[in-house]
Amino acid sequence: MAVIALSSAIVLIFQFGRPFGEAISLSLALMCTMILIHLLIIRARDRGAVSEAVERLEERMTDIDEDVGNLEGRLTGMEHTMPRRAREEIDPLFAEVEVLGTLVKQMAEAMSDLETKVEDQQSIAPPPHMQSLPRYPHNAQPPQGYVPAPEPQYPSAPPLGAMPAAPENYQPHSGAPAPQGYAEAPDPHHGGMSELDRKYGIHADRGADRPETALGDMNGHAHEQRFEGGGQTAASEPIRSEPTPVSTPAPPAPNHAMRELITSALNSNRVELHLQPIVTLPQRQVKYYEAYTRLRDTSGNLIEASAFLPEAIQSRQIARIDNLLLFRSVQVIRRLTSRSRNAILFCNISSVSLVDETFFPGFLEFVKANQNFCDVLVFEFSQPDVAAMGAAELESLSALYDLGFRFSVDQISDMKMDFNSLAGRGFKYGKLHADYLIGRREAIHGHIHPSDFGDLLHRYGMELITDHVETESQVLELLDYDVKLAQGNLFSPPRPVRAEVLQGAPAPGPRRTAAG
């Protein structure tokens, strides 16, 4: 285009004799015109290419729309036909499962009846094996004056007062020799009865059963056979048998070192509050917390509750520890509620504190002053403590229940406990060891399978919490049993509460002097 414009300018100057400026202007105008035309042509060409590409895209989109329509039709058909086909295939399985469930239920009832019969039979002591009376050899004559006793016909026992006559040469001395030819009978209260006990599964103390004390009538009297010298027998006189004293285990010896450590830790404020979360499964979200008390010695070593609680109970310092735990638990609850966290806190309390006349009145006043925390503070007791509660402990529990507080029972190992009665007394939670639930440890459950224990508590309005969860394998097995709440070191070990949360100290009052 530049060559054409230059050529046109030369032609105008030399051929037509036009001025140089005019020729240059005309040549530039011609070149601009050619450039403009060239640009218009290129733009039209690009527009055509774009139009062709858009048309191809539209055609492709039309094909995709058709494919999507076909897929929607197929999915709609599957949505309508799959449930019907699934029901047609699953209904026979459901019928078979229902039949199997009925058979299993009948088998369980039959096994329950059989177990009940076996327990009833085992509860009845089997008749003792009657040892045969000693006999003389056929060629031997019985001692003078000996009247052989008739062979007893089992099971009818001889009258208690009818004792066989003693031989004439009988000497009431344990070391007297037996008459010649007399076969000494074995002691049924040592060898024979022990064999019977092992055979029939009877656990009875045979040590107190001796021939001289085993005879007695239904009124609790015993008869003592007295012999005088010369083979003459005295009349048996009834005497009143003294009740056999029950041997009670001696209380453990006091651990003075631990007692001094507890006193020093309380006086020096070396008592810490630790919290462990209770999480939901399978999300593992924190829902509740449990408070624990830990002591530290002068060297800063942490002392677990299992080490100092027995001595604290024996030394009557447990009430002071419970008082401190309660006060700090209320402080933690205030911090949680100030952050709009509705986490419930479990507070462990000894049943001894419930009957402490010095501690419990102040304890009751303190919880009355903090009654607004009754929905988020749960008092926890162990199952052995709950089982040993008497009228005084239950009255204290009733006072707390009337204030709106609820309770939890942990360390459950006996599933035959009356949890319906506990629920009526305000117990809302029950804690069971994970190994008991999944069958790794044997628990006292009677006819209740451990996997059904959660449903049993739910039936009474209680909630099951599985504690001592330590491994992931336990979690997988607990999920198979549809466990909702779990607690253990796998999720988080007990951690100490920060010092800034525990500001202040418990009010002195009567609670401070509870431990004496």
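**Close-up views of a predicted model**

**View 1. Helix α1 and its two sides.** At 1.5 Å a residue, the 13 residues of helix α1 (residues 2-14) should span 18 Å, and its end C-alpha atoms are 18 Å apart, which agrees; the expected span is 1.5 Å times one less than the number of residues, and helices (H or I, at least four residues) and strands (E, at least two) are DSSP runs numbered from the N terminus. Ala5, Ala9 and Leu12 of α1 are buried, where buried means under 20% relative accessible area, exposed over 50%, and partly exposed in between (1.4 Å probe, protein chains only). These residues cover an arc of only 65° around the axis, which puts them on the same side of α1; the arc is that of the directions from the helix axis to the C-beta atoms. Val3, Leu6 and Phe14 are exposed on the face of α1 turned away from the buried side.

This is a predicted model, in which local features need pLDDT of at least 70 and side-chain atom pairs count only at pLDDT 80 or more, while totals for chains, interfaces and linings use all residues. Residues are numbered from 1 along each chain as its sequence is written, and side-chain values use heavy atoms, with hydrogens and water left out.

**View 2. Strands β9 and β10.** Strands β9 and β10 run parallel and are joined by five bridges; two strands pair if DSSP finds at least two bridges between them. Tyr429 stands opposite Glu463 in β10. Strand β10 (residues 463-467) is mostly covered, as four of its five residues are buried.

**View 3. Thr280 and the cis bond at Pro282.** Thr280, which lies in strand β3 (residues 271-280), counts as buried at 16% relative accessibility. The C-alpha atoms of Thr280 and Leu485 are separated by 4.6 Å, although the two residues are 205 residues apart along the chain. A cis peptide bond with an omega of about 5° joins Leu281 and Pro282, and Pro282 is placed in the loop between β3 and β4.

**View 4. Gln411 and Asp482, each with a positive phi.** Gln411, in strand β8, has a positive phi of about 55° although it is not a glycine. Asp482, in the loop between α14 (472-480) and β11 (485-486), is likewise not a glycine and has a positive phi of about 60°. Asp482 is exposed, with a relative accessible area of 52%.
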